[in-house]
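Visitor: I would like to learn how to read this model. Please take me through it feature by feature.

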Amino acid sequence: MAGIVVVFDFDKTIIEIDSDNWVVDELGATDLFNQLLPTMPWNSMMDRMMREVHAQGKTIEDIKEVLRRAPMHPRVVPAIKKAHALGCDLRIVSDANMFFIETILDHLGIKDCFTEINTNPSYVDDQGRLRISPYVDFHTSPHGCNLCPPNMCKGMIIERIQASIAKEGKKRMIYLGDGSGDFCPSLKLKEGDFMMPRKNYPVWDLICENRALLKAEIHEWANGAELERVLLELIDKISIQESNNSNLAQLLSVDCKFESIPMAGHEALPPPLRVHQ
Ligand SMILES: [Mg+2]
Ligand SMILES: [Zn+2]
């Protein structure tokens, strides 16, 4: 379905864990992380942690090796491949970082399924240290959304995607996420869109408390198997609705032609077709 845009959060949605915590823990830097966390924003903290692990002799290859071991539910990759094969436009909106996400997607062989990855920029400097910067520079141009962390408002990203897909004639959006940062974008979804919150995770709690604020239809999922089932059901449902709509449009254009036929000719015409059966 070329008309459907599916937006995925990354941590605890595509992969089973939080990639930042996973890398810090697996590289043995958890204590330092917990010690420093109260002193700076999370995103700045990750850049600092990459400096620490680099100073301890950990290489980019060590970080990649940890990322390739990130736990996954076995049904998530097939779900993504199927949605892509059905013609959906798949995108990622994540507060992790480009290096972590690209390393994992490359390893899973699904990077080409996505048309866009919106996340915190990162690069490897000439010392071989991974640098991570905020998606939004909150010192020079704060995003001003009080629901979101200072470095990223996912709601703003969704609004940008909505504006760009409207130009491409794509109409419907499905959003999947688990975290509190996925609540702001869920408020931006429109009637006809679908929100897929992970059950018993922060975004699900927030949505349960504020259901009336959402225009999108809500479909929860608890694990990768349910993610696959619910996502494919929604794509199917939208496809049926869209094909009914295009049948209706065709019928209406046929009706217009009928108007030009002289009255006598009407007797010979077949009875009107019913739509929405
Ligand atoms: Mg998440
Ligand atoms: Zn926001």
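Guide: Start with a helix. In α7, the buried residues are Lys 154, Gly 155, Ile 157, Ile 158 and Ile 161. The model is predicted: local features need pLDDT of at least 70, side-chain atom pairs count only at pLDDT 80 or more, and totals for chains, interfaces and linings use all residues. Residues are numbered from 1 along each chain as its sequence is written, while chains are lettered from A and ligands numbered from 1 in the order in which they are written.

Visitor: Why do the buried residues of α7 line one face of the helix?

Guide: Look down the axis of α7: its buried residues fall within an arc of 150°, so they line one face. The arc is that of the directions from the helix axis to the C-beta atoms. Buried means 20 or more other C-beta atoms within 10 Å of the residue's own; exposed means 12 or fewer; partly exposed is in between; C-beta atoms are placed from the backbone.

Visitor: Which residues are exposed on the other side of α7?

Guide: Arg 160, Ala 163, Ser 164, Ala 166 and Lys 167 are exposed there. Gln 162 also belongs to α7. Gln 162 counts as partly exposed because it has 16 C-beta neighbours inside 10 Å. From Gln 162 to Arg 172 is 10 residues in sequence and 9.3 Å in space, C-alpha to C-alpha.

Visitor: How are helices and strands assigned, and what span does α7 reach?

Guide: Both are DSSP runs, numbered from the N terminus: helices are H or I with at least four residues, strands are E with at least two. The expected span of a helix is 1.5 Å times one less than its number of residues. Helix α7 covers residues 154-168, which is 15 residues. From first C-alpha to last, α7 reaches 21 Å, close to the 21 Å expected.

Visitor: What covers the buried residues of α7?

Guide: The cover includes β1 (4-8), β2, β3 (114-120) and α8 (183-188). Contact here means that two C-beta atoms, placed from the backbone, lie within 7 Å.

Visitor: Where does UniProt place the feature "binding site"?

Guide: The record is an unreviewed entry. One such feature is at Asp 20 and Asp 95. These two are spread over 76 residues of sequence, yet cluster in space, with a largest C-alpha distance of 9.6 Å. Another is at Asp 9, Asp 11 and Asp 178. That set is spread over 170 residues of sequence, and its largest C-alpha distance is 8.2 Å. UniProt positions are given in the numbering used here, feature names are shortened, and annotations may be inferred rather than shown by experiment.

Visitor: Is Asp 20 buried or exposed?

Guide: Asp 20 is buried, because 20 other C-beta atoms lie within 10 Å. Asp 20 sits in helix α1 (residues 19-26). Leaving aside neighbours within four places in sequence, Asp 20 contacts Met 46 and Ala 96.

Visitor: Where is Asp 95 found, and what is it in contact with?

Guide: Asp 95 is in strand β2 (residues 89-97). Asp 95 has 26 C-beta neighbours inside 10 Å, so it counts as buried. Beyond four places in sequence, Asp 95 is in contact with Asn 120, Pro 149, Met 152 and Gly 181.

Visitor: Where do Asp 9 and Asp 11 lie?

Guide: Asp 9 lies in the loop between β1 and α1, and Asp 11 is found in the loop between β1 and α1 too. Asp 9 is buried, with 25 other C-beta atoms within 10 Å. Asp 11 counts as buried with 23. Not counting residues up to four places away in sequence, Asp 11 touches Asp 18, Ser 19, Ser 94 and Ala 96. For Asp 9, contacts outside its neighbours within four places include Val 93, Ser 94 and Asp 178.

Visitor: What should I look for in phi?

Guide: Most residues other than glycine have a negative phi. Lys 12 has a positive phi near 60°. Lys 12 is in the loop between β1 and α1. Asn 200 has a positive phi of about 70°, and lies in the loop between β7 (194-197) and α9 (202-209). Just after α7, Gly 169 takes a positive phi of about 80°.

Visitor: How many helices and strands does the protein chain have?

Guide: The protein chain has 10 helices and 8 strands. Of its 277 residues, 35% count as buried. Its C-alpha atoms fill a box of roughly 90 × 35 × 35 Å, taken along the principal axes.
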